[in-house]
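This report examines selected strands, charged side chains and covalent links in a single protein chain. It proceeds residue by residue, with each part of the fold taken in turn.

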Amino acid sequence: QVQVEESGGGLVQAGGSLRLSCAASGDIFSVNHMGWYRQAPGKQREWVATVTSGGSTNYADSVKGRFTISRDNAKNTVYLQMNSLKPVDTAVYYCNADIRLRLGAWGGYWGQGIQVTVSS
């Protein structure tokens, strides 16, 4: 079994910063892409950023220049440093990891989500 767990959310004022963490654990052989998505109230879940196992990154235009995604392969952990936060960034943030199990199967695993609220 695999567990994916986010941490680090909370309430912050506009212009402030937060750092999210997401750790994958369990019967893991390797982890490929890791990424962050978010879902605001009344909206569909949207992609935020992705980092490959080699460290290549991609960002949604809405967060480019403000958010930084990184990972620690030894810990199977991905981070999202969020700076210059805006009220529109308020959402539940989800971690997603592309994981190969020790038995060989690949799968996409989601965390339970963590709330980020940015006040104006």
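## Arg71 and its surroundings

In this predicted model, the side chain of Arg71 reaches the backbone oxygen of Thr52 at 3.2 Å. A second such approach is made to the backbone oxygen of Val31, at 3.3 Å. Arg71 itself belongs to strand β7.

Which side chain of opposite charge is nearest to Arg71? That side chain is Asp72, 8.0 Å away. A salt bridge requires a side-chain nitrogen of Lys or Arg within 4 Å of a carboxyl oxygen of Asp or Glu, and Arg71, although buried, has no salt bridge. Apart from residues up to four places away in sequence, Arg71 touches Val31, Asn32, His33, Met34, Val51, Thr52, Ser53, Thr77, Val78 and Tyr79. Val31 and Thr52, whose backbone oxygens are reached by the Arg71 side chain, are thus also among the residues that Arg71 touches.

## Arg66 and the link to Asp89

Arg66 is found in the loop between β6 (57-59) and β7 (67-72). Its relative accessible area is 11%, so Arg66 counts as buried. Unlike Arg71, which has no salt bridge, Arg66 meets the side chain of Asp89 in a salt bridge (2.7 Å, N to O). Asp89 lies in the loop between β8 (77-82) and β9, so the pair ties together parts that are 23 residues apart in sequence. Both partners, Arg66 and Asp89, are buried.

The side chain of Arg66 also has a polar atom 3.0 Å from the backbone oxygen of Ser84. With neighbours within four places in sequence left aside, the contacts of Arg66 are Gln81, Met82, Asn83, Ser84, Leu85, Lys86 and Asp89. Ser84 and Asp89 are therefore both on the contact list of a residue that is buried because its relative accessible area is 11%.

## Salt bridges across the structure

How many salt bridges does a search of the whole structure find? The search finds 5. In general terms, side chains of opposite charge can pair when their charged atoms come close.

One of these salt bridges joins the side chains of Glu46 and Arg38 (2.6 Å, N to O). Glu46 has a relative accessible area of 35% and is therefore partly exposed, whereas Arg38, at 5% relative accessibility, counts as buried. Arg38 and Glu46 are linked with Arg66 and Asp89 in a network of salt bridges. Another salt bridge is formed by Asp61 with Lys64, with the closest N and O atoms 3.2 Å apart. Asp61 is exposed, its relative accessible area being 66%.

## The disulfide

A search of the whole structure finds 1 disulfide. Cys22 and Cys95 are its two members, with an S to S distance of 2.1 Å. Cys22 lies in strand β3 and Cys95 in strand β9 (residues 91-101), so the pair ties together parts that are 73 residues apart in sequence.

Is this disulfide left-handed or right-handed? The torsion about the S-S bond is about -80 degrees, so the disulfide is left-handed. Cys22 is buried, with a relative accessible area of 0%, and Cys95 likewise counts as buried at 0% relative accessibility.

## Strands β1 and β3, and Ser21

Strand β1 (residues 2-7) has two faces: Val2, Val4 and Glu6 form the covered one, while Gln3, Glu5 and Ser7 form the uncovered one. β1 and β3 run antiparallel and are joined by 6 bridges. Ser7, on the uncovered face of β1, has Ser21 as its bridge partner in β3.

Ser21 is placed in strand β3 (residues 18-26), the strand that also holds Cys22. Is Ser21 buried or exposed? With a relative accessible area of 17%, Ser21 is buried, because the cut-off for that class is under 20%. Beyond its neighbours within four places in sequence, Ser21 is in contact with Glu5, Glu6, Ser7, Trp36, Val78 and Tyr79. Of these, Val78 and Tyr79 are also touched by Arg71. Gln44 is 23 residues from Ser21 in sequence, and the two C-alpha atoms are 22 Å apart in space.

Methods:
Residues are numbered from 1 along each chain as its sequence is written. This is a predicted model: local features need pLDDT of at least 70, side-chain atom pairs count only at pLDDT 80 or more; totals for chains, interfaces and linings use all residues. Side-chain values use heavy atoms; hydrogens and water are left out. Helices (H or I, at least four residues) and strands (E, at least two) are DSSP runs, numbered from the N terminus. Buried means under 20% relative accessible area, exposed over 50%, partly exposed in between (1.4 Å probe, protein chains only). Contact means heavy atoms within 4.5 Å. A polar contact is a pair of N or O atoms within 3.5 Å; within protein, one must be able to donate a hydrogen and the other to accept it, and residues adjacent in sequence count only if both atoms are side-chain atoms. Lys and Arg count as positive and Asp and Glu as negative; His and the chain ends are not counted. Two strands pair if DSSP finds at least two bridges between them. A disulfide is a pair of cysteine sulfur atoms within 2.5 Å.
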